[in-house]
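User: I've got a structure to go through and would like to talk it over. Could you take my questions one by one?

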Amino acid sequence: MMKSIVATIARRELNSFFDSLTAYILLIAFLGFSGFFTWIYGSDVFMRKEADLDVFFGIAKWTLFFFIPAVTMKMLAEEKKTGTLEILLTKAVNPRQLILGKYLACLMLIMIALAFTLPYYISVARIGDIDHGATLSGYLGLMLMSSAYIAIGLFASSITNNQIVAFLLALLIGIVFHFILDVISSGMRGWAGNLLSDLSVGKHFDSMSRGVIDTKDILFFAGLTLLGLFLSETFISKNK
Amino acid sequence: MDLKINGLSKHFGLQKAVDNISFEVRSGEIVGFLGPNGAGKTTTMKMLTQYLTPDHGEIWYGNRRSTENTDIRRDIGYLPEHNPLYEEMPVLDYLNFCAALQGVPPSEIPARIREMVRKCGLDDEKHKKIGELSKGYRQRVGLAHALIHNPKVLILDEPTTGLDPNQIVEIRELIKELGREKTVILSTHILSEVEATCDRILIINKGQIVADGTVGNLRRQTESRQIIRVRIEGPSQDNIYQALRQLPGVTMVDLVNREDQRYEVQSSSEEALNRQVFRLCVQNNWVLLEMTPTETKLEDIFRDLTIK
């Protein structure tokens, strides 16, 4: 029963992405940005003269960083604002099922976006001798990173009923993990520097996009995801 | 399914929203929650539907106690105040979604949706998005999703707000029909609505129940007061007015309409007021054109109980 409720909620959310323009705008913008920089502009695949998708992973890391909060911002904030949260939680739905459903819907949307970039992979593989392992690991990294940011986005959306606040808060939390921890830790030595650098999404993602799958990286992203989801659940259950 | 509420309380900060409320509702009974704004009606309903957790007290659904037993919600249909809905969803998709969440078996969902569309009169609008519907139709969608899983208990927070008079009558008929087999609790501040639909009234004020009974019962409680409307023809209106005032027990005389010579007389006397008025007219040789006893209005009972 638990599974079917989560699936029902996830399906509704995914449909609503495609019924509104959200999904199409996200897909077009994501493919546009990443395609442009991967194939056409700057140090693109042809300039580098190397058959890999490093450029794409570098761009996708940033585009997803901005796009995910835009997808997650309304997930809970809007339900709270319009009162539909009350409808859901007075039916046989508990906060955990609700949040899992929403999380899965967002993750599915990102996976659809990533699936559309598979032609990049196929093209590069036909041009040169691509490292299949590293590419796969890069995609896995993107998915894990997205999962963590979705959870952070849901958390931001769970504590407010204002979508803009949710968006900005998600970006703010995101930027710390994405980038600021890296910057700070690079100037520090010893255990503190190591700790901060271990908490950096950037560092974990970069190592995965180079083709190194370390359990530490996977645990890090999984932990961040669980923490985000757990906090969202706590905040949604709190005001009862 | 019978409902039993025992010593229910809920605070928001320092404010007591609901203060030690107890009552019972039996299956097949329609109970109206009546009270001024902010009396605690909505908070009570939100606790009954498990949206809010009570600070103290128990809620029993049949023999199941409502403490995080979320299965109970499958037996409850709830129409919240303001009727929030997913604006961007088409009516049919929305009903399908609600039915799936409430655990209606997939094979039965289409039949249930057809029945709800028919019962709630949504046939012409069923393919539209909810956001495009008028307020009356939105309210019907709200009722339809509350009923989709055929719940045993129905909790409706102001079900007829925003409807036009025809729609109000239709919705009331629907509620009455449902009330024959289900346990229905509805809140309203429209008094005639309670009289028209409910078997029993609970008047709530400042978080407490101040009256509990049928409309008739409540009337009898406040029946120490008699009100009649009379039309008396006589030479001088002032004399009539003064004479009426001087009847024993009369507390108020109101000249309602000068041309019609229509008065409203209120009395708290033991003796029947209509007899007194009749004798007065005979003594003075006035013509009694009309005399109508007026029942104590529900409005008056309500005012009495909630303004103190």
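User: Is S147(A) buried or exposed?
Analyst: This is a predicted model, so read every value here as computed from it. The cut-off for buried is under 20% relative accessible area. S147(A) has 7%, and that makes it buried.

User: Where does S147(A) sit in the secondary structure, and what is S147(A) in contact with beyond its neighbours within four places in sequence?
Analyst: For the location, look at residues 132-158 of chain A, which form helix 8 and include S147(A). Setting aside neighbours within four places in sequence, the contacts of S147(A) are Y103(A), L107(A) and T225(A).

User: How many helices and strands does chain A have?
Analyst: Reading from the N terminus, the elements go α-α-α-α-α-α-α-α-α-α-α-α. The tally for chain A is zero strands and 12 helices.

User: Why can chain A be called as compact as a globular protein of its length?
Analyst: The globule rule gives 18 Å for 240 residues. The C-alpha trace spans about 60 × 45 × 30 Å along its principal axes. Chain A is as compact as a globular protein of that length because its radius of gyration is close to the rule's figure, at 19 Å.

User: What share of the contacts in chain A between residues at least 6 apart join residues at least 24 apart?
Analyst: As background on the packing, 51% of the 240 residues in chain A count as buried. For the contacts you ask about, counted from 6 places apart upwards, the share joining residues at least 24 apart is 76%.

User: How much of the area that chain A exposes comes from carbon and sulfur atoms?
Analyst: Chain A exposes about 11,100 Å². Of that area, the part supplied by carbon and sulfur atoms is 69%.

User: Which element of chain A gives the most to the nonpolar patch?
Analyst: The patch is on the surface, covers about 650 Å², and consists of W62(A), F66(A), V176(A), F179(A), I180(A), V183(A), I184(A) and M188(A). Two elements of chain A give two or more residues to it: helix 4 (54-82) and helix 9 (163-186). With five residues, the top contributor is helix 9.

User: Does W62(A) count as buried, partly exposed or exposed, and what is its relative accessibility?
Analyst: W62(A) is placed in helix 4 of chain A. Partly exposed is the class between the 20% and 50% cut-offs. W62(A) therefore counts as partly exposed, with a relative accessibility of 32%.

User: How much area do chain A and chain B bury between them?
Analyst: On the contact side, 21 residues of chain A touch 25 residues of chain B. Carbon and sulfur atoms account for 61% of the buried area, and the total between the two chains is about 2,300 Å².

User: What is the N to O distance in the salt bridge of E86(A) and K46(B)?
Analyst: Between chain A and chain B the count is two salt bridges. The cut-off for a salt bridge is 4 Å. For the side chains of E86(A) and K46(B), the N to O distance is 3.7 Å.

User: Which helices does the salt bridge of E79(A) and K102(A) tie together?
Analyst: The closest N and O atoms of E79(A) and K102(A) are 2.7 Å apart. The two residues are 23 apart in sequence, so the pair ties together separate parts of chain A: helix 4 and helix 6 (residues 95-115).

User: What are the relative accessible areas of E79(A) and K102(A)?
Analyst: Buried means under 20% here. Both ends of this salt bridge fall in that class: E79(A) is buried at 3%, and K102(A) is buried at 1%.

User: Which residues are joined into one network by salt bridges that share partners?
Analyst: Another pair to look at is R12(A) with E13(A), whose closest N and O atoms are 3.3 Å apart. R12(A) counts as buried at 7% relative accessibility, and E13(A) counts as buried at 2%. The network formed through shared partners joins R12(A), E13(A), E79(A), K102(A) and E88(B).

User: How many salt bridges does the structure hold over all chains?
Analyst: One of them is in chain B, where the side chains of E170(B) and R140(B) meet at 3.1 Å, N to O. E170(B) is partly exposed at 43%, whereas R140(B) counts as buried at 9%. Over all chains, the number of salt bridges is 27.

Terms used:
Residues are numbered from 1 along each chain as its sequence is written. Chains are lettered from A and ligands numbered from 1 in the order in which they are written. This is a predicted model: local features need pLDDT of at least 70, side-chain atom pairs count only at pLDDT 80 or more; totals for chains, interfaces and linings use all residues. Side-chain values use heavy atoms; hydrogens and water are left out. Patches are made of residues with over 30% relative accessible area and no salt bridge: like charges are joined within 9 Å, nonpolar side chains (Val, Leu, Ile, Met, Phe, Trp, Tyr) within 5 Å. Accessible areas come from the Shrake-Rupley method with a 1.4 Å probe; for residues, only the protein chains shown count as cover. Helices (H or I, at least four residues) and strands (E, at least two) are DSSP runs, numbered from the N terminus. Buried means under 20% relative accessible area, exposed over 50%, partly exposed in between (1.4 Å probe, protein chains only). The radius of gyration is taken over C-alpha atoms; the globule rule is 2.2 Å times the number of residues to the power 0.38. Contact means heavy atoms within 4.5 Å. Buried area is the accessible area (1.4 Å probe) that two parts lose on being put together, summed over both.
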